[in-house]
Amino acid sequence: MADRIIRHSDLMKLVDEVARKRRIIGPVARSVPECEPPVRYFYEDVERADQLDLSFRYCVYSPKRFLTPPSETLFAFDQDDGGFVAAPQYDRRPTALVGVHPCDIHAIRLYDRVFDLEHRDEHYFARRGATMIIGMDCPGPCTDGVFCKDMGANVAEAGFDAMLYPLGTDTDGDEMRYAVMFGTKAGREWLLYSRQSAAPNADDERAFEKYQADKEAAFSFALRTRREDLAELLGRSYDSLLWDATARRCYSCGSCNLSCPTCYCFDITDETDLASGSGRRWREWDGCHLPEFALVAGDHNFRPKAASRLRHRIYRKAVWIQERSGVVGCVGCARCDRACTAKINSVEIYNQLAEEA
Amino acid sequence: MMKPKIAIFSLTGCEGCSLAILELEDQLLDILQVVEIVNFREGMTERGWDIDIGFVDGAISTPEDKREVEELRKHSRVLVAIGACACLGGINTLKNHQPASEYRAYVYGDKAEWFPTMDAQPISAVVKVDYELPGCPMVKEEFLRFVKCMLTERPFRATANAVCVECKKKGVLCLYEKGIICLGPVTRGGCDAICPAYGSKCEGCRGVVSDEALAAAGVNLREQYDVPLDRVLADMRFHGAYQEKSLP
Ligand code: SF4
Ligand code: SF4
Ligand code: SF4
Ligand code: SF4
């Protein structure tokens, strides 16, 4: 059962209404003539709804940069008569992420969990608390190579304020119609009381059921191993020759980590100003494939070789993050695989291990 | 605290890296409050030889460069190579792949024997170098970070990451998606991926990031891509990042 039905033009009006109070971030098309198709989509700040392209298939990078920026100041410090003073910096700009696919919604749910484990990350939650999420469901795989169905992430039941399901174009026109599900009270209030959306009628309900049946048929599994069995598979694969054989291609460039919507590691640096006793503490994205990620005091590196770093990433994604947080650590978006200029492919890794075992 | 005495020298190169220091306009006055510049051809006429930190741009390309850098080493407690020429040999090394008689003839004409020259080398080939701030040109922000580390007696570490890290942080579309072989994955980062951010491939001006990455390039470019290896080697040679005739 859908909560509401809305047409594309009405949705655009509603997004414009949101834009009066919030910064809007959503998929924007950039023309790239050298690519096939000659366009790529990126989450970007926009001022108006018509700058968004909600017909996008996938965005090259996930929206994580808007919740955990590539670098951010945690606090600025200074010295005055009273001694050392530190002023934390929080970003609480009201924001709406529009057009977030189920995989990325699962990834944000993971962030919500891990940034609250042991020590609550106030910088993350300042942004997150000010962010509204309007999801966009995927009627089929957004591109080749994704394995979101395997990871149970091609469908999202929570983690959004409202979720849009593109039912297809109208019978009496060429305008897209969306079914809407509410995830939160805020999402409900956004839509329910506006004249732009309607309660679904019997035809709409049938269309929504058909949408879901078609979607079910459109996605297939890519992994030979079920997600529940990955822990067992990797448990047997620690000493596999695959790690060395694959990692001889690895540049340790970290592109897989930094484009992964579930990677959340960061590095912290203190920096002083030139002349006075002031400065700041800031953090920036880090990643377990980078050569010095596991370097500690005394110049000891726990994972000095690319093979041990590759293995570490795969174990984290398939098993360890879930063990620690209870939320699946990989959402199968295949951004890591697309980002890898060495063409190291995680689906191939899982399937080769399954074959070996 | 005594103000550290700083000197800036140029060997064979365009001196663009020492100019980059002058381009730190906003911070230059702050820097001058905390250091004393005792020797800087681009910026002053006096010469002092009691040097705490000596910065050198330019490559060793003549016997005179070699003598000069040996002298500088004697007078500098800390010696820092700045820019691709000083750190890698830079574009000067292009001559290393041509017969000396040829390039001497087209550069100096019939006066060639008046100008002794030699294979271009990084200064670390001749003297001990304490720190390297690579790039063509050197990255001003990295220079500033280095100066701050020295002043506060904190360790300075160059990044061990490849340029790709900075591309991802900026959200740049990877050039490989356009079918372009970019040297970012094998090149030491720190430049904020300025070339890919403007749509040009990385030319490796900050040097090879690690032997491991270089070995991976050898495997990938042979097995995963259909590219003429000579072209890639020519790119890697451009700033002197890699001089060998084939990839590992
Ligand atoms: S993107 Fe590929 S080459 Fe780069 S670190 Fe990841 S696996 Fe290695
Ligand atoms: S590991 Fe790869 S497929 Fe999994 S969430 Fe990260 S980028 Fe996506
Ligand atoms: S464009 Fe070059 S530097 Fe940037 S991610 Fe791609 S390979 Fe790396
Ligand atoms: S992208 Fe490459 S060539 Fe360009 S400045 Fe950086 S290291 Fe140098």
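The following legends describe close-up views of a predicted model.

The model is predicted, so local features are given only at pLDDT of at least 70 and side-chain atom pairs only at pLDDT 80 or more, while totals for chains, interfaces and linings use all residues. Residues are numbered from 1 along each chain as its sequence is written, chains are lettered from A and ligands numbered from 1 in the order in which they are written, and side-chain values use heavy atoms, without hydrogens and water.

**View 1. Surroundings of ligand 1 in chain A.** The shell consists of A:Cys250, A:Tyr251, A:Ser252, A:Cys253, A:Gly254, A:Ser255, A:Cys256, A:His289, A:Arg313, A:Cys340, A:Ala342 and A:Ile344. A residue belongs to such a shell if one of its heavy atoms lies within 4 Å of the ligand. By class, seven residues are nonpolar, four polar and one charged. Here Ala, Val, Leu, Ile, Met, Phe, Trp, Tyr, Cys and Pro count as nonpolar, Asp, Glu, Lys and Arg as charged, and the others, Gly among them, as polar.

**View 2. Surroundings of ligand 3 in chain B.** Around this ligand are B:Val163, B:Cys164, B:Cys167, B:Lys168, B:Cys174, B:Leu175, B:Tyr176, B:Cys182, B:Gly184, B:Pro185 and B:Pro196. Helix H7 (residues 164–170) of chain B supplies the largest share, three residues. Helices are DSSP runs (H or I, at least four residues), as strands are (E, at least two), numbered from the N terminus. The shell has nine nonpolar, one polar and one charged residues.

**View 3. Surroundings of ligand 4 in chain B.** Among the residues around ligand 4 are B:Cys191, B:Cys195, B:Cys202 and B:Cys205, and B:Pro196 also belongs to this shell. Six residues of the shell are nonpolar, two polar and two charged.

**View 4. Helix H2 (residues 102–114) of chain A and A:Val331.** Ten of the 13 residues of H2(A) are buried, so the helix is largely enclosed by the rest of the structure. Buried means under 20% relative accessible area, exposed over 50%, and partly exposed in between (1.4 Å probe, protein chains only). The buried residues include A:Pro102, A:Ile105 and A:Tyr111. A:Val331 lies in the loop between helix H9 (306–325) and helix H10 (335–339) of chain A and counts as buried because its relative accessibility is 2%. A:Val331 and A:Pro102 are 229 residues apart in sequence and 8.9 Å apart in space, C-alpha to C-alpha.

**View 5. B:Tyr106 in chain B.** B:Tyr106 is located in helix H5 (residues 100–108) of chain B. This residue counts as exposed because its relative accessibility is 57%.

How values were computed:
Expected span 1.5 Å × (residues − 1).
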